Number of protein chains: 4
Amino acid sequence: MLTGQQYKDSLKDGRRVYYEGALIEDLESVPELAVPLNAVAAGYDKYFSAEPGAVNPVTTAPTSPRELRDRIPVITEMDLLTNTTYQSLMTLSVAAARLEEHAPDFVPRIRDYVRRAREADIRITECITDAKGNRSLPPSRQDDPDAYVRVVERRADGVVIRGAKLHISAAAFGHDLMVMPTKSMKPGEEDYAIACAVPVNAPGVLITNTTYHPRGGDMRDHPVSAHESIPDSMVIFDDVFVPAERVFLDGQTAQAAVFAHSLGLWERLGGVSFMVIQADELVGLASLIAEANGTAKISHVREKIDEMMIHATLLRAGLEAALLHARATPEGYYYPDDMYTNVTKYQGAAQFNAMIRHLHDIAGGAVVTSPSMSDFDNPELRPYLEKYMSTGDGVSGEYRTRLFHAIRDLTADSYGGWHQVTNLQSGGGLFAQRLVTRKNYDLERARALALKAAGLGGA
Amino acid sequence: MLTGQQYKDSLKDGRRVYYEGALIEDLESVPELAVPLNAVAAGYDKYFSAEPGAVNPVTTAPTSPRELRDRIPVITEMDLLTNTTYQSLMTLSVAAARLEEHAPDFVPRIRDYVRRAREADIRITECITDAKGNRSLPPSRQDDPDAYVRVVERRADGVVIRGAKLHISAAAFGHDLMVMPTKSMKPGEEDYAIACAVPVNAPGVLITNTTYHPRGGDMRDHPVSAHESIPDSMVIFDDVFVPAERVFLDGQTAQAAVFAHSLGLWERLGGVSFMVIQADELVGLASLIAEANGTAKISHVREKIDEMMIHATLLRAGLEAALLHARATPEGYYYPDDMYTNVTKYQGAAQFNAMIRHLHDIAGGAVVTSPSMSDFDNPELRPYLEKYMSTGDGVSGEYRTRLFHAIRDLTADSYGGWHQVTNLQSGGGLFAQRLVTRKNYDLERARALALKAAGLGGA
Amino acid sequence: MLTGQQYKDSLKDGRRVYYEGALIEDLESVPELAVPLNAVAAGYDKYFSAEPGAVNPVTTAPTSPRELRDRIPVITEMDLLTNTTYQSLMTLSVAAARLEEHAPDFVPRIRDYVRRAREADIRITECITDAKGNRSLPPSRQDDPDAYVRVVERRADGVVIRGAKLHISAAAFGHDLMVMPTKSMKPGEEDYAIACAVPVNAPGVLITNTTYHPRGGDMRDHPVSAHESIPDSMVIFDDVFVPAERVFLDGQTAQAAVFAHSLGLWERLGGVSFMVIQADELVGLASLIAEANGTAKISHVREKIDEMMIHATLLRAGLEAALLHARATPEGYYYPDDMYTNVTKYQGAAQFNAMIRHLHDIAGGAVVTSPSMSDFDNPELRPYLEKYMSTGDGVSGEYRTRLFHAIRDLTADSYGGWHQVTNLQSGGGLFAQRLVTRKNYDLERARALALKAAGLGGA
Amino acid sequence: MLTGQQYKDSLKDGRRVYYEGALIEDLESVPELAVPLNAVAAGYDKYFSAEPGAVNPVTTAPTSPRELRDRIPVITEMDLLTNTTYQSLMTLSVAAARLEEHAPDFVPRIRDYVRRAREADIRITECITDAKGNRSLPPSRQDDPDAYVRVVERRADGVVIRGAKLHISAAAFGHDLMVMPTKSMKPGEEDYAIACAVPVNAPGVLITNTTYHPRGGDMRDHPVSAHESIPDSMVIFDDVFVPAERVFLDGQTAQAAVFAHSLGLWERLGGVSFMVIQADELVGLASLIAEANGTAKISHVREKIDEMMIHATLLRAGLEAALLHARATPEGYYYPDDMYTNVTKYQGAAQFNAMIRHLHDIAGGAVVTSPSMSDFDNPELRPYLEKYMSTGDGVSGEYRTRLFHAIRDLTADSYGGWHQVTNLQSGGGLFAQRLVTRKNYDLERARALALKAAGLGGA
């Protein structure tokens, strides 16, 4: 296993990572990239074991409903890259099982890769969403055939791929990119039915970075995002050669969706768990700031907090129901129920902005007008700020100001905006969740109830 | 145990039941009252056993989470009066346990009453909500001291009570009225701390009836309410004498709320279970009518049905979470978790009208303009109605018309209006559910999360 | 001009009107039909003038924005049938002007008909919505070619039509049915491009009736619908001969939509005006019942009434904007702006159920459980009802009960359900209003603003 | 009048302006402050006239409804500081008229000040919101008596004030601070009934700055906020002497609210006009990005844009109604109707987050993951970015990326967060708008309608 420092050293491998137009040789040299780098390194140190043959314990799957539930605190405390590595490995394991019937040649390769990845203690990033071009057309009918990642050359020892993957979190900080088709493919789209693992430093790979990390001012004014930011990337594959042992699907259109479906099983627990915690966190912020503002007993303030608590509890109920009805893969790995997970994500995403509105309504304009912590450092200003930001009664000016900064950072600034967009878009947007609903809801039961009410029930 | 016929005969006991201004001697003589009468009689026949010493099996409480879950289909299929009898008996059993410390004298009386009620196989109605007068004043400060039911005379052998209870379902169809305080009482309000069981035919008891039962036209145009209606009553106690053995609390203000709280445990499973079924039923109606209208594939219609399915599934998740976290009374009886039940009721009530809007939007104006089934009986009209209410493709005019009648009956007529009001008001209105939320939500956990985000988390 | 009695007599003309499966010879003999009959008769008496050559003054159009505004109280006080007659005549007048270029032969016929209808002081009902069959198919591709009203025979002296029109208000109470295409037609659908005026008693016309009028119990429990009900009808045309002078379009598919578009101009003022009044009425009911319940000062009750007031004022703003931007036809008749009218209808319809929820939440369960006024008539019951329905402080039991009945009648019973459905469906459902929005919104202005923000504007 | 350069020079007057903890001698030296400085300077140049005696023409009030309407484009194009100067001068003019009866001594002073301010062509900032301390207590009962700005000393030639004003936009960029009470005051609170004009460079004035201006990265990624930002300030008055001729109220508690009410008249037109434009701008962004994504014809995308158009049009209707019912002050100055303005602000604020959700749902995750414009500058990256951000069909990668940046900047970053908070909070938060509604809605009309419906309308 690797220590954090070994991990950091391992990234100096010639990778082509760009930030704000410049090629970045040393990720640590840019504060916005150093923060996630160090977060992942800390994750390495956390799980490090010097035992020979040791592997990261969180890269295995729960094999009972109880283990599934116990995994929640682990996932929600984990750094993002360790989590996506876990998801990637689990995805490959399940995909291997599912390919046994129709694409058996890939199975040993996949299992080998999983074993080696565990041993080498590498970090792996999932790469799904393609550039997509014109969304009303399939891959094979785009003006630019590279709008979806595809095989442009097949050689004896591997394939050459071209295209780009978008919205890839932390791509620059892992070792391998797990490329998989974004959707099912049809006959004639064989070149798009490609799944493989690409080293980040493979020739032809380029990675951009976009971040919500604060880029100026006092970091204390961003108490969360100063420590937690993860850049999103466009990962470009410019005729990248992938050796055969790293190719996990090539041309089997009927199996193209296996990887994305498998991934879906593993990413949802983390997503919904995070939404539940986030909803509770918003309740907490609303409660603290109402108290600090001296408005906690005002009726309309209480009712808004009530609605936030109801929202958070409904999401928690959705998670509980998904765990109660956990399902097992044929291999005996447990994952939360699709339908309950899905409606919880929908509700969380659809109501998120309404909850933000409540929080802003309760907190007041000082969310965006409070002085900086650096203003508090100025000895001339500090007494005034303490005096006028305080509301008496043991609520210090600095304490209340820090609450405002936390609310701004989480809900009314770059990081807050990122949450608003990604809460909606993760898992494919509200419409995607409606499609899952259509597929999973027990419509026949509902129709039978309705027919009975109408006196039209069967024989 | 009683047969249905024995039950019906037993109600001819001199009770003073009014309907539309008239004293009704024979409940069966009025169609709007005969329907619920026969529904309860059918319930008697369903559970009847000629075994000596047999008692109704559904009047005992679940003693495990599994039994709690298994009770759902039983409750939702049960006639209302059997259900309220069950709730009443369970309430008394739990209340007896809770009174042991501070009001032990009542305990043997209550247990005796429960035993006798089971043996006699009677039906019992809960009477909680008082007239209340001016809602901003407590019972003891009302202009009219009878605004809450109270003891007006205490005799050696019992008490005399006066007042009225409102919104009492099926009061005219049971044998006993279980009177209990609607809320906690304060010192000085001893006369209002009265719980007792009053025979419906006790001198001084008068019962009005208000119903959503269809009162004209063709009953087939009301496929649900023609068979399922239950009148709501005002129950008046005009100086009614209650013998001591039927008095379960008298003057112990500190214990006044014990009965209502106990009742709360038992009524919630039925309430939430019904909401879940109702939500599924609305999905079913939307799906069937969209199909019959030929609009099931139109995008905006599908999306509305999606939202209805998501709503129904969220409610189901709330019920599942409440069952998963079922709690036990000290006696070992299981009931669903308060908080999850409560938010589910809130969500179900708060969103009900939005779901109705979706259904009406999907179904179209024919919900309120479709011809009567009696029009279909007219041989001259029928061919035209079949022709023009059909949408081709195997959808007969009569079938589609029946769907419209079911939708109207359930959502756009007397019964639908009753649902809209009672879904909101059951359990005390949206505001009452907010109060429960405040009491049960784990606010400390939420505040700790928020403090941590703000970098203000303690040691 | 006709008096009310002359009008009533004029309907005894052999028309085939059905109610609950029976042919009704005398409309006055059925209470549910007598109410609208007498309402229309009262309208006749109201406008009656014995002057020779007098015509109903409200059947002419406003010729200035001021006249348009002044028309609102007239329309909202008018009986429905006089209003639809006005709309029909205005529709024909505007349609005549629009047909001058491409279908000039019909113009003199239409103008003649309008003149004669005014002179004869008849009442005319618009018949638009067809049976429609499978909604995903056009008229010409239905299984049943009669799913849309069509010409089945053309004779020298007129045409024979077949089909049915649905959702026709008050069809049985007028003299003529103004048949017009429900939508635009395409080449090949000539037989469906038919507009004409059909006497209600023409051979082959059959009319069903569906009503929300109370059909039992005490009429005082339905303080509104007992006096205001209008049945909705299916109007069947079973090979009805229409003489040439009553045919206003026949086969000109390109002009088929002219009538429906013209009608749209005239019906919208009434529709939106009614919504504004209805919203204010709901505010008033909420305010009165909160006061009667003694809850008018409770914070959450006040906030719900606030939201209802904001809703009502927004609708009023929409009406005001539509009047301010009133437009004129080429003939100089004024009508309210399409876009503002349309968004007002959308908002009113989309939010109606939410407002009903607020009202029910404020009013409480007694909306559906209050005793009948006939219970108040019973001298034994009355003192109790007065006592227990009163909340003290000058709020009598009867007064409060009457408020509950008004709320039930308007929002939680047959009439309330009818409102919920028709508020949504009038003008074609929420989706139809979206289409109007797409057509009328100034999207170019909006896009220019956005391009400017993105720094992409300009040359 | 001053030129832009003269204005900039005039600010080098010893003022104590802080930014991120440092005292800033030259506002132009800090990019985040230079942007607003230059925006105000450009405003000076725009209105500059070298004519002797010329005054800024936009600092006078509309004297007819037409002038009021014509003012909208002027206001929405104006720099913020010119606008607040206009509002300040109008507020003083109206306040002077209103003080004539009860505080006549101040009237000539105010009029003099207004005349001199116009002549000197200075810029004036309104300072209203106090620190407030414990919001459940009035000024006179706070722990810290300075929680509201107050007079701490009265001298023959003026007063000394102490306290702080919060949420002050552009305070560092004007010449005078117009201090006024934030609310009505009661007897005993005379020291808080203070209104006066304080030069920014008066000894004892300190100003902090908080900004949403981008603080790093490529300014082209923030196409709006890079050019439009205005800092918000806390303005501290540490025993500032104000000479008598600049004191406009001192101790007249009954008149304390006159200034805030007058200000309310003038600020609302700009606020609502901006909301209407903003709503249209969001529609435009949604339309452009849907088109660029190739999703403009997808049904659910169209429906979301429909809802955004309906929202924008409803707001516009509210503005139109407010203008149609414009009211005049006794001096003949026109301002938009209170009630219509208020409900429009409420609706705009309450629905803003829902509209943002629609836009994010339509736009997709690239809102927060798109490459920087500086990435496009890199010749190695540019071809890939053009290729993969393009969707074919004439939509260039750069064009689409710029749209994403505009959406991020306006809705999902610092500036977007600032809008979300300030849209809610301007004018006092949603609850404040409810209070205005309660005060202005014609409740009697609504109750009369309800009584009539209930059959309770008296003689």
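The radius of gyration used here is taken over C-alpha atoms, and the globule rule is 2.2 Å times the number of residues to the power 0.38. The model is predicted: local features need pLDDT of at least 70, side-chain atom pairs count only at pLDDT 80 or more, and totals for chains, interfaces and linings use all residues. Residues are numbered from 1 along each chain as its sequence is written, while chains are lettered from A and ligands numbered from 1 in the order in which they are written.

**Exercise 1.** What does the globule rule give for chain A, and what is the radius of gyration of the chain?

Solution. Begin with the length, 459 residues, for which a compact globule would have a radius of gyration near 23 Å. Chain A has 24 Å, which agrees. Next, take the box along the principal axes: the C-alpha atoms of chain A fill roughly 75 × 75 × 50 Å. Finally, 58% of the residues in chain A are buried (20 or more other C-beta atoms, placed from the backbone, within 10 Å of the residue's own).

**Exercise 2.** Describe the secondary structure of chain A and of its annotated domain.

Solution. Count the elements as DSSP runs numbered from the N terminus, helices being H or I of at least four residues and strands E of at least two. Chain A has 16 helices and twelve strands. Then turn to the unreviewed UniProt entry, which places "domain: HpaB/PvcC/4-BUDH C-terminal" on residues 269–454 of chain A. That stretch is 77% helix and 2% strand, and its end C-alpha atoms are 40 Å apart.

**Exercise 3.** How many residues does each chain bring to the contact of chain A with chain D?

Solution. Contact requires C-beta atoms, placed from the backbone, to lie within 7 Å. Chain A supplies 71 residues and chain D 72 residues. On the chain A side, helix H14 (residues 414–425) gives the most, nine residues. By class, that side has 23 nonpolar, 33 polar and 15 charged residues. Nonpolar means Ala, Val, Leu, Ile, Met, Phe, Trp, Tyr, Cys and Pro; charged means Asp, Glu, Lys and Arg; the others, Gly among them, are polar.

**Exercise 4.** Work out how chain D meets chain C.

Solution. First, 47 residues of chain D touch 47 residues of chain C. The largest share of the chain D side, eleven residues, comes from H8(D). By class, this side holds 30 nonpolar, seven polar and ten charged residues. Next, a turn of 180° with a shift of 0.0 Å along the axis lays chain D on chain C with an RMSD of 0.0 Å. This is the relation of a two-fold axis. The superposition is by least squares on C-alpha atoms of residues with pLDDT of at least 70 in both copies. Last, 100% of the interface residues of chain D are also interface residues in chain C, so the copies meet through the same surface.

Notes. Two residues are in contact if their C-beta atoms, placed from the backbone, lie within 7 Å. A residue is buried if 20 or more other C-beta atoms lie within 10 Å of its own, exposed if 12 or fewer, and partly exposed in between; C-beta atoms are placed from the backbone. UniProt positions are given in the numbering used here, feature names are shortened, and annotations may be inferred rather than shown by experiment.
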